[in-house]
Amino acid sequence: MNSFWLVLENEISHETCDAYIDLFNANDSETARHGDDLEDFTVRESEVYGIPFGTTENLMTTKLFNDLVIQCNAECFGFNLNGLQEFQVAKYETDDHYVWHSDMRLNKRESMRKLSITVQLSDPNDYEGGDFEFTEDIGCPARPFIAEKGTVIIFPSFLPHRVTPVTKGTRYSLVGWYEGNNWR
């Protein structure tokens, strides 16, 4: 772990990764969006399946990651989390991407995203491009962070990051956000 994120290689089994890909393919996905603009594909282009809150799949995902996120938060960040979480499976095909962004929602809700989690579901041989990167503005060179299937990265939701355009094949990831009371 460095001071900004935690990367856990091979944390999730290949079978579990494949189960999330199957979950995506068995359900109706929707065009991913950033904010409220449904037509601007310059920011984000991909398909997502939001795992509905309270479903068996959502509860299974929460159980899979909850202890890991709580331990990581206690050891690395110390954020006040309230236990609310949201998960989605994302599918990036050729030319799909997500430009530099942060995961925080700046609005008048009582709760906001504080920790983000990304899980590499695809085998890196199944696609080209589609690199998950942090901005150099935080003191590290932009470079791919998650390549191996089953790798998990946990980071503060305010860190700028992106997914570079996929140039060949299909990349799947599981993403989630853990919330807490607004920053004080």
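Seven strands of this predicted model form an open sheet, in which the order is β1-β10-β7-β13-β5-β4-β2 and the pairing is antiparallel. The two edges of the sheet are held by β1, residues 6-8, and β2, residues 30-31, each of which pairs on one side only. At the β2 edge, two bridges join this strand to β4, which spans residues 47-51 and runs antiparallel to β2. Within that pairing, E30 stands opposite V48 of β4.

Further into the sheet, β13 pairs with two strands. Its pairing with β5 is antiparallel and extends over eight bridges, with Y92 standing opposite R171 of β13. Its pairing with β7 is also antiparallel and comprises nine bridges, and here N181 in β13 is the bridge partner of S111. The strand β13 is mostly covered, since ten of its eleven residues are buried.

Both helices of the chain have a place against these strands. Helix α1, residues 14-26, lies across β4, β5 (85-92), β7 (111-120) and β13 (171-181), and runs at about 100° to β4. Helix α2, residues 56-77, packs on the sheet and touches β1, β4, β5, β7, β10 (152-156) and β13, while its direction makes about 60° with that of β10. The protein chain as a whole contains two helices and 13 strands.

Some totals describe the chain overall. Of its 184 residues, 45% are buried, and the accessible surface comes to about 9,500 Å², of which carbon and sulfur atoms account for 47%. When contacts between residues at least 6 apart in sequence are considered, 84% of them join residues at least 24 apart.

The structure also holds four salt bridges, among them the three listed here.

| Salt bridge | N to O distance |
|---|---|
| D18 and K149 | 2.6 Å |
| E86 and R113 | 3.3 Å |
| E93 and K91 | 3.7 Å |

Side chains of opposite charge can pair when their charged atoms come close. The salt bridge between D18 and K149 links distant parts of the chain, given that D18 belongs to helix α1 and K149 to the loop between β9 (132-134) and β10, with their positions 131 residues apart in sequence. The acidic partner, D18, is partly exposed at a relative accessible area of 33%, whereas K149 is buried, with a value of 11%.

The salt bridge between E86 and R113 likewise links distant parts of the chain, with E86 in strand β5 and R113 in strand β7, 27 residues apart. In this pair E86 is partly exposed, its relative accessible area being 27%, while R113 counts as buried at 9% relative accessibility.

In the salt bridge between E93 and K91, E93 is partly exposed, with a relative accessible area of 35%, and K91 counts as buried because its relative accessibility is 17%, which falls under the 20% limit for a buried residue.

Terms used. Residues numbered from 1 in each chain as written. Predicted model: local features only at pLDDT ≥ 70, side-chain atom pairs only at ≥ 80, totals over all residues. Heavy atoms only, no water. Pairing = 2+ DSSP bridges. Helix = DSSP H or I, 4+ residues; strand = E, 2+ residues; numbered from the N terminus. Contact = heavy atoms within 4.5 Å. Axes fitted to C-alpha atoms, helices over the stretch in contact; angles between N-to-C directions. Buried < 20%, exposed > 50% of the residue type's maximum accessible area, 1.4 Å probe, protein only. Areas by Shrake-Rupley, 256 points an atom, 1.4 Å probe, with all protein chains shown as cover. Salt bridge = Lys/Arg side-chain N within 4 Å of Asp/Glu carboxyl O.
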